[in-house]
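Let's take a friendly walk through this protein chain. Have a look at the sequence and the model first, and then we'll go through some of the details together.

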Amino acid sequence: MPSDAFLIEHNARPLWHPMAHPAEMRADPPKVIVKGEGVEVTDIDGHRVLDAVGGLWNVNLGYSCEPIKKAIADQLAVLPYYSGFRGTATGPAIELAHELTEWFAPEGMARVFFTSGGSDSVETALRLARQYWKLRGQRDRTKFIGLKKGYHGTHFGGASVNGNINFRRNYEPLMPGAFHIAAPWTYRNPFDESDPAKLARLCTKLLEDEIAFQGPETIAAFIMEPVLGAGGVIVPPETFMPAVREILDRHEILLIADEVVTGFGRTGAWSGSRLWGVRPDFMCIAKAITSGYFPLGATLICEKVAHAFEANDDAFGAIGHGYTYSGHPVGCAAGIAALAETKRLALNENAALRGIELGVALEDLKQRHALVGDVRYKGLMAALELVSDRETKTPIDKKTIAQVFERAYRAGVMLRTSGPNLILSPPLVITSRDVERIAQALDDGLAAAAR
Ligand SMILES: Cc1ncc(COP(=O)(O)O)c(C=O)c1O
């Protein structure tokens, strides 16, 4: 292990950080996290904080899940790696694929394609969607529609369907054939409509119009997160996703549910699609599939799409896509253990219950702090959007939100800032007492920044 002095000296020097400005990281080096225990992490100075970020929406089981650690160690001892490409398979990949289809995703999801993470899972869904239409003889169906504010990872396909300018502009030109409609976001939308049901109707009308404009026979799929995460925890009205499914069905367009964040209980339901009672054609999962203990993702594929591939015996049916680490045996062993623990502890139920408590606390903070423009939450996904003026909804400046973060950190809670939003995605094993600690730290941080 390198010494603390070495880590401090070299922090943010050769290492570039995702989603950060290298110069900013050098000027203000990131906190070095050295240990995790329960729902807390400790930094290099020995300061211990409750991790209200849950790693990065993924450490649902906290940092001390012995069954996952044991499963990883056992698998490493027996077979640290073997390929899942044509001709070979490993036991953990077969078992986890079975678990996922049997238990996690019974909504008609029939097949599993393993990946190394969320961006890979999205890429897989986009590519297989295009291939599906070629197999069906509808070769013009190549376009995708997504939501503005949607986030679908960083590969070129995913970035193209992303609806957030920050993740697009520096990398343009992106993939042609990707289009966007406004997200049903009650706090900010082009219609100034705050009624959820009316807004859902307006946004689904946008979808109908875009489909008509592009030509339904040219559209492969529509992609959305059941609850938009990175865009600032935008919870669609409950009527939205079912209405989208109905429109897509009418035009035979596939639905890709990006459940990289919403999978495995985060919203209070096992998946975001189930939360809204919708059956997608593809489901992208990653993050909590191993509770963050090993990089792994998967794309789940519905029966109808699977049939088109499996019933086809010419070269088009072959999947010309995959990753060296698709079905990594150590990752899959971690996944099997993580799923078993997730199920045993009924983490969806805890997320729903603790989410209600968190929601009450956030509404209270909104009442008492003028800096809070809006609060949004579903299960244990939550955001506080900070504004400098509630009337004009002017987003808070970087310095003020950084003050809230630092003060909360000193008070013992790790938050995440994203633009004007404070994002909360704590481990799903948190207790009511942990919710109180998060609320207290936010209270301290908001009070300090307002002074
Ligand atoms: C909804 C969604 N899709 C895809 C991704 C990309 O996942 P990864 O960072 O594992 O590539 C993320 C990451 O946060 C995400 O939130």
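Is Asp443 buried or exposed? With a relative accessible area of 17%, Asp443 is buried, because buried means under 20%. Keep in mind as you read that this is a predicted model.

**Salt bridges**

Asp443 has a charged partner: it forms a salt bridge with Arg368. Asp443 sits in helix H15 (residues 432-450) and Arg368 in helix H13, so to speak of the chain, they are distant parts, 75 residues apart. Arg368, unlike its buried partner, is partly exposed, with a relative accessible area of 44%.

In total, the structure holds 23 salt bridges. Here are three of them, with the distance between N and O atoms:

| Pair | N to O distance |
|---|---|
| Lys398 and Glu24 | 3.2 Å |
| Glu310 and Arg111 | 2.5 Å |
| Asp443 and Arg368 | 3.2 Å |

Take the Lys398 and Glu24 pair. Lys398 belongs to helix H14 (residues 398-410) and Glu24 to helix H2 (residues 22-27), so this salt bridge ties together parts that are 374 residues apart in sequence. Lys398 is exposed, at 61% relative accessible area, while Glu24 counts as partly exposed at 39%.

There's also a network of salt bridges, which links Lys35, Glu37, Glu40, Arg48 and Arg437.

**Strand S4 and its neighbours**

Now for Glu310 and Arg111, which form a salt bridge. This pair links helix H11 (residues 303-310), home of Glu310, with strand S4, home of Arg111, and the two residues are 199 apart. Arg111 counts as partly exposed, at 32% relative accessibility. Strand S4 (residues 109-115), though, is mostly covered, with 5 of its 7 residues buried.

Which strand is joined to S4 by 6 bridges? That's strand S10 (residues 297-302), and the two run antiparallel. One spot to find is Thr115, whose bridge partner in S10 is Gly297.

**A nonpolar patch**

Back to helix H13, which spans residues 347-368 and includes Val360. Val360 is exposed, with a relative accessible area of 57%. Together with Leu353 and Ile356, Val360 makes a nonpolar surface patch of about 300 Å².

**Two domains**

Finally, zoom out. The domain assignment gives domain 1 (31-61 + 346-450) and domain 2 (68-344). Where the domains are in contact, 32 residues come from domain 1 and 33 residues from domain 2. Taken over C-alpha atoms, the domain centres are 27 Å apart.

Technical notes:
Residues numbered from 1 in each chain as written. Predicted model: local features only at pLDDT ≥ 70, side-chain atom pairs only at ≥ 80, totals over all residues. Heavy atoms only, no water. Patch = residues over 30% accessible without salt bridge, like charges linked within 9 Å, V, L, I, M, F, W, Y side chains within 5 Å. Areas by Shrake-Rupley, 256 points an atom, 1.4 Å probe, with all protein chains shown as cover. Salt bridge = Lys/Arg side-chain N within 4 Å of Asp/Glu carboxyl O. Helix = DSSP H or I, 4+ residues; strand = E, 2+ residues; numbered from the N terminus. Buried < 20%, exposed > 50% of the residue type's maximum accessible area, 1.4 Å probe, protein only. Pairing = 2+ DSSP bridges. Domains from an automatic or database assignment. Contact = heavy atoms within 4.5 Å.
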